[in-house]
Amino acid sequence: METISITLPTSKKRVDVRLDRKPMKTCRLKVYPSQEIVLSVPERVPTTWAEDFLIDKGIWIESLLKDFLRLLPPPVFKLVLDFFLVTCISAANMNDLSF
């Protein structure tokens, strides 16, 4: 397995893309909610072609990564106080707690 790093066009953020070479005829680009990016290509495709393809799809990749971040639930913080479990939905709610 290879890894290719590309710079996203709008945010200028560098992301790593896992390059999987497989016995297939077409390429497949997947962006996962976990922010993982995988490009599956036929075994004989040059790495330079894969890099150019990823740069060409940079805006699409960036929009999906941003959409997935927006869909994530807010972080949950758990505190144990006097043997009671208090679940705070966000860090902002922690200021509302009275001790």
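This passage walks through the sheet of a predicted model and the two helices that pack on it.

The sheet is an open one, built from 4 strands in the order 1-2-4-3, with mixed pairing. Strand 1 (2–7) and strand 3 sit at the edges with a single partner strand each, so one side of each has no neighbour in the sheet. From one strand to the next, the twist averages 25 degrees.

Both kinds of pairing turn up around strand 4. On one side, strand 2 (residues 14–22) runs parallel to strand 4, and 5 bridges join the two; here aspartate 20 has serine 40 as its bridge partner. Strand 3 (residues 28–31), in turn, pairs with strand 4 (residues 37–42) in the antiparallel sense, over 4 bridges. In that pairing, valine 31 stands opposite isoleucine 37. Strands 3 and 4 make up a hairpin with 5 residues between them, and in its turn glutamine 35 takes a positive phi of about 75 degrees.

Edge strand 3 also shows two contrasting faces. In a regular strand, side chains alternate between the two faces of the sheet. In strand 3, Leu29 and Val31 belong to the covered face, while Arg28 and Lys30 belong to the uncovered one.

As for the helices, helix 1 (residues 47–56) lies across strands 1, 2, 3 and 4, running at about 40 degrees to strand 1. Helix 2 (residues 58–71) packs on the sheet as well, touching strands 1, 2, 3 and 4. The direction of helix 2 makes about 30 degrees with that of strand 3.

Key
Residues numbered from 1 in each chain as written. Predicted model: local features only at pLDDT ≥ 70, side-chain atom pairs only at ≥ 80, totals over all residues. Heavy atoms only, no water. Buried < 20%, exposed > 50% of the residue type's maximum accessible area, 1.4 Å probe, protein only. Pairing = 2+ DSSP bridges. Axes fitted to C-alpha atoms, helices over the stretch in contact; angles between N-to-C directions. Contact = heavy atoms within 4.5 Å.
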